[in-house]
Amino acid sequence: MVRTRFAPSPTGFMHLGNLRSALYTFLFARHNGGRFILRIEDTDLGRYVEGAVDVIYRTLKSVGMNWDEGPDVGGDFGPYVQSERKGLYLPYAKELIKKRKAYYCFCTEEELSGRREAAAARGETFKYDKHCLHLPEEEVQRRLDAGMPYVIRQNVPEHGEASFDDLIYGHIAVDCADLDDMILIKADGMPTYNFANVIDDHTMGITHVMRGNEYLSSTPKYNLLYDAFGWEKPTYIHMTPIMRDATHKLSKRDGDAYFEDYVGKGYLKEAIINYVALLGWNPGDEREFFTMDELIEAFSIEGMSKSPAIFDVNKLTWMNAEYIRRLSTEQFTEYAMPYYQQAGIGTEHADVLARILQPRTEVFTQIPDMVDFLAKLPDYDAELFTNKKSKTNSEVAGNVLDMAIPALKALPAWEEQAIHDTLLGLAEQNGLKNGTILWPVRIALAGKQVTPGGAIEIAVLLGREESLRRLNLGREKLQ
RNA sequence: GGUCCCGUGGUCAAGCGGUUAAGACACCGCCCUUUCACGGCGGUAACAGGAGUUCGAGUCUCCUCGGGAUCACCA
């Protein structure tokens, strides 16, 4: 049975890189009929951010990534919050000490950083010299009894090779001589991430460890720990980061690294997930649009790439526009409603609004700017009436409006079909291009050169009274 | 700096020793058209460089270059 886990630290909003890692981890479990576990890694109390756990829950749920075990839903391997597992780690560390695979260390942070700086000044790489490993047992006990603060360090062999096999990177090996004796238990009694991770993954029965590839070089060290305990090692799958450009990761500083940023900017959650899924993974065929269920069905490790992918808002935006176009009129209207209200326009003709806006909306936040002219006629210049392709200029436009205004005014009902027939009839009767009639009418109605929809839709949206008022205003501009 | 990883168009990315080196986004042009979009058709554009292995190399090996990660009592 495949068991994977997503193990975020509660330090703020949901970063897109983390979201994608969670997604792949989730997809891999589901594709293989396995279980997806949520674990909160909060061993660093100093970085804890209030409410961050809720953000994680909310985000994952809102995109349909439901977990089978976790802090809120429980499970057989709890607790699922590391700080609540605090008591669990020390015994394991002591077991390692007994096996001489770890040792107490009384060196203080200050003297260590002093030595580190000195080494750096000499241009050398600092490595802990195992000083405390050689302390006599009685001395260690004496210091412990005296209540001296201590940490517990891993005792990495001085020689030999540490290695592991990654499902996407293959065999990774490092010389033990290059490895430092990392701290397992901190002076405050909490385990370091490095240690807690190994203990938790093992005790929670995680079969496939999926995580960012910043852990690629420390994983051999973790495997030394598994060996020391005599535990079966998990399968490793290291994932690439999402980049802002060739040399920088997408980061908080860019202000656009968070899932919620994009939701707030008018992107659909489904589109974000779909786009992000394709950044670093491909299904092996030409498909680009996936529901969550389709992703589960199609996902495989073979499709994951080894090199980082640069985030392209451009393509996300295109994909979002595609998702918007596939919405039903009702769904579109529901998403658009807050933006209609923001623009202060009437929504009694929501169907017409959807018809003209849906093919033009890439991101919902674009809507107010597209429709604001409906709420208030902009100040505009009579120059706008001149358009070469439509064969209009101020003189032609004046004549057109002179014909259009009474014709429209005479309409018994202000209905789209009737307006359409009237205006196009005018063109035909006078042997003019449709555009020659429609251009001036649209300009007078909208007061701007580019509008979503044409003269007829705009007239419907404006209603009889306002339409005629604007047409007359336009006519006056042409005196 | 040591160690590890990565390197196909501007971006995502197919390719797993033999292809005219796919496809998508973006960009450009044309068509459609009631402006702008949508839609349709077409176009520009890539194997980081150098050696080797091989009848044949984007695909295998080595070196160089470029980029990233890591070297914390952070995760």
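**Figure 1. Accessible surface and charged side chains of chain A in the predicted model.** The accessible surface of chain A amounts to about 22,800 Å², and carbon and sulfur atoms account for 49% of it. The chain carries 54 positive and 70 negative side chains. The centres of these two sets are 2 Å apart. Buried residues constitute 50% of the 479 residues in chain A.

**Figure 2. Secondary structure and overall dimensions of chain A.** Chain A contains 18 helices and 12 strands. Its radius of gyration is 33 Å, whereas the globule rule gives 23 Å for 479 residues; the chain is therefore more spread out than a compact globule. Along the principal axes, the C-alpha atoms occupy a box of roughly 110 × 50 × 35 Å. Of the contacts between residues at least 6 apart in sequence, 74% join residues at least 24 apart.

**Figure 3. Position and burial of L135 in chain A.** L135 is located in the loop that lies between α4 (109-121) and α5 (137-145). The relative accessibility of L135 is 15%; because buried means under 20%, this residue counts as buried.

**Figure 4. Surroundings of L135.** When neighbours within four places in sequence are left aside, L135 is in contact with F106, V140 and R143. The view also includes Y103, which is 32 residues from L135 along the chain. The C-alpha atoms of L135 and Y103 are separated by 9.6 Å.

Key:
Residues numbered from 1 in each chain as written. Chains lettered and ligands numbered in written order. Predicted model: local features only at pLDDT ≥ 70, side-chain atom pairs only at ≥ 80, totals over all residues. Heavy atoms only, no water. Helix = DSSP H or I, 4+ residues; strand = E, 2+ residues; numbered from the N terminus. Rg over C-alpha atoms; globule rule 2.2 N^0.38 Å. Buried < 20%, exposed > 50% of the residue type's maximum accessible area, 1.4 Å probe, protein only. Contact = heavy atoms within 4.5 Å. Areas by Shrake-Rupley, 256 points an atom, 1.4 Å probe, with all protein chains shown as cover. Lys, Arg positive; Asp, Glu negative; His and termini not counted. Charge placed at Lys NZ, Arg CZ, Asp CG, Glu CD.
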